[in-house]
Amino acid sequence: MDVETKAPSVSLSVLTTVKDSQTQYGLRQDDYTRYRQYCCSRLTRIRKSVKFHHGKGHYKKRKLEAKHVKDERFLSIPLFNAERAWSYAMELKALLTKDDDSRKQHHLLRKLKRAVKWSKELHDLSKQVGDSRTQIEAEVYSTWMEGNEHIERSRWKEALGCHLRSKLLCEKLAEVSNLRDENRCKEMVQQLTQSIRLCKYHAKRQLGKEQMEKFLTASSALDSDMEQKFGVLLKEHKTQGSKIPVENKQIQLALEKASDIKTTLPSKSDPKDKLSTLTDLLKEYVKASSICQTELLSNEGAKLRTVNLDRKAEYLKLLKLYLTFQKLKFKLDRGQIQFEELLSQVKSVGIQAEEEKGKKKKKQTKVALSSVLTSLESLMEITQTLKLTAEEVKDNQTSTEIQGPYLCYRTLRCYYKADGFQSRAEFAKAYMLYQLCTKLAKDAIEASKEGYLLKEVENIAKELPKKQYKAHAMALMDQNTKENTLNKSVAGLRIEPKPLLERLGTFNWGSDTNLSEFPIKMKGAPAKQLYFDVAYHSIAFDSFAQRLETEKKNSAGLLSSLGLW
């Protein structure tokens, strides 16, 4: 039997390639001639790279068919042919505004007709060879181009139908697109709404209200074939899970491997197998995030900044954030499994220590308790960072769900720290921590859902009152014993009547505690007399007016007598 080998579907993001080339090569400044020249040079480059020429030496037209198409470069030939014709038409339209010329008008219509022909050829090729997304985008482009021709020919009803169709497809396409393609679709929708308003105004005058409403309802429905295509796209989008565009092939491979490993997780019940799968999963995410980081650094290190580079940097930052979020989620799952194993070891060691009561077993319990505390602290750190990243990613569900486990980890940490203080005979600290643990346990039980952590917290909450009373009693007993020993030590002390500064020649090492006299004796010092300060304003002094006048007379010289001074 001969098995039919189906050719792999070619994918070309039509809207993104058109928009990027338009923004980079002239259409920001409405320079249609520059854009037309770019399209022409781009076509020659594509034809050379693909080796799809119209004969050597002598021109022999070669039609592009589905059997020739091997990759997306073949589909870009009709696309840029359509763009070249459209840009020429827009150039002629700009010239028509300056001077009315019927020849230019006919030339414009011919070019738009050529653009429609090339766009339809692109649509037909994508139907045969392209994937579902390429087919939809090609249809959007061809209907938009057809609508432009109808507007120039003043066929308002046909133009309205074409533009409504392309707008509907763009809106649906935006729902199942990544961030980059979603922005392109939204820009296209904004562009189409302006032309739809113009078409509606003119078509209403031709058709009337009732017919217009019927026409609008008919054009707002999708075909069964188109619904199937959108269904395929929706499935792909759901399986990908993220709306961030991933261009790097190494990151794509790492994410595909991660998704394959993720599917095997629910089937594994043994904790060791789960741990191994989670470590493999984390390796893939770490690999993807490291590649993403290197790309980001190379992007930031670029000397010449362009619009595409800035946009790529934004997408890479979002991808990095998404990868860290996923990494932390699986890190938390792995840490929880490790913590469960450690806790079971601590419990088993504690039971053996109670039965045997040896120094080695006590040391083992201390070591186990310290390892449990370190694992709980690391889990608390992971939960906090995960909450922050979830808020950045705008995943409200995980940010609310993670509050319960965080409180559980905090209560368990508090409880085992209190146990550690009690084992070291620091009963006051243990009592304070047990009190705090009761409050935390209530909050944890309210916030968390059913699971292993909740059971542990509930078990702790039952044991807490006993341990709290015991620690309180032991703290009081310890305080009494300390007070008794302190009184005995104070009673043995003998204080000398004279201070040490007065008897520097003799010093008794055992009893000399009185170094100087305290409090210090105060001596009276003579104060300043306030009489002169108060009496200053009431004393009458002699005037110096006469003395000043005599001095002025004596100072007048030769120049003053001549009248020059």
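## E182 and helix α7

E182 has a relative accessibility of 12% and is therefore classed as buried. In this predicted model, the side chain of E182 forms a salt bridge with that of K186, with an N to O distance of 3.2 Å. Both residues belong to helix α7, which covers residues 179-207. They are four residues apart, or about one turn of the helix. The partner K186 has a relative accessible area of 44% and is partly exposed.

## Other salt bridges

The count of salt bridges comes to 14. One of them pairs the side chains of E152 and K93, at 2.8 Å from N to O. This pair connects distant parts of the chain: E152 sits in helix α5 (residues 132-152) and K93 in helix α3, with their positions 59 residues apart in sequence. E152 is buried, at a relative accessible area of 18%, whereas K93 is partly exposed, at 36%.

E426 and K429 form another salt bridge, in which the closest N and O atoms are 3.5 Å apart. Both ends of this pair are partly exposed: E426 has a relative accessibility of 29%, and K429 has a relative accessible area of 47%. Elsewhere, K19, D20, R184 and E187 are joined into one network by salt bridges that share partners.

## A buried glutamate without a salt bridge

E284 lies in helix α11, which spans residues 271-300. This residue is buried but takes part in no salt bridge. Which side chain of opposite charge is nearest to E284? That side chain is K257, at a distance of 4.6 Å. The cut-off for a salt bridge is 4 Å between a side-chain nitrogen of Lys or Arg and a carboxyl oxygen of Asp or Glu, so the pair E284 and K257, at 4.6 Å, does not count as one.

When neighbours within four places in sequence are left aside, the contacts of E284 are A254, K257, A258 and I261. K257 is thus both a contact of E284 and the nearest side chain of opposite charge.

## Positive surface patch

A patch of positive charge on the surface is made up of K61, K63, R84, R110, R114 and K117. Helix α4 (residues 102-129) supplies the largest share of this patch, with three residues.

K61, one of the patch residues, is located in the loop between α2 (32-50) and α3 (72-98). With a relative accessible area of 65%, K61 is exposed. Patch membership requires over 30% relative accessible area and no salt bridge, and the 65% of K61 meets the first of these conditions.

## Loop residues with positive phi

Two loop residues other than glycine have a positive phi value, D30 and S154. For D30, phi is near 60°. D30 is placed in the loop between α1 (14-24) and α2, and its relative accessibility of 53% makes it exposed.

For S154, phi is likewise near 60°. S154 occupies the loop between α5 and α6 (156-175). Its relative accessible area is 43%, and the residue is partly exposed.

## Q435 and K467

Q435 is part of helix α16, residues 427-447. At 29% relative accessibility, Q435 is classed as partly exposed. How far apart in space are Q435 and K467, C-alpha to C-alpha? The distance is 9.9 Å, for two residues that are 32 residues apart in sequence.

## The chain as a whole

The protein chain contains 20 helices and zero strands. It has 565 residues, and 38% of them count as buried. The accessible surface comes to about 37300 Å², with 54% of this area belonging to carbon and sulfur atoms.

Among contacts in the protein chain with a separation of 6 or more, 67% are between residues 24 or more positions apart. The salt bridge of E152 and K93 is one example of a link between distant parts of the chain.

Technical notes
Residues numbered from 1 in each chain as written. Predicted model: local features only at pLDDT ≥ 70, side-chain atom pairs only at ≥ 80, totals over all residues. Heavy atoms only, no water. Helix = DSSP H or I, 4+ residues; strand = E, 2+ residues; numbered from the N terminus. Buried < 20%, exposed > 50% of the residue type's maximum accessible area, 1.4 Å probe, protein only. Contact = heavy atoms within 4.5 Å. Areas by Shrake-Rupley, 256 points an atom, 1.4 Å probe, with all protein chains shown as cover. Lys, Arg positive; Asp, Glu negative; His and termini not counted. Patch = residues over 30% accessible without salt bridge, like charges linked within 9 Å, V, L, I, M, F, W, Y side chains within 5 Å. Charge placed at Lys NZ, Arg CZ, Asp CG, Glu CD.
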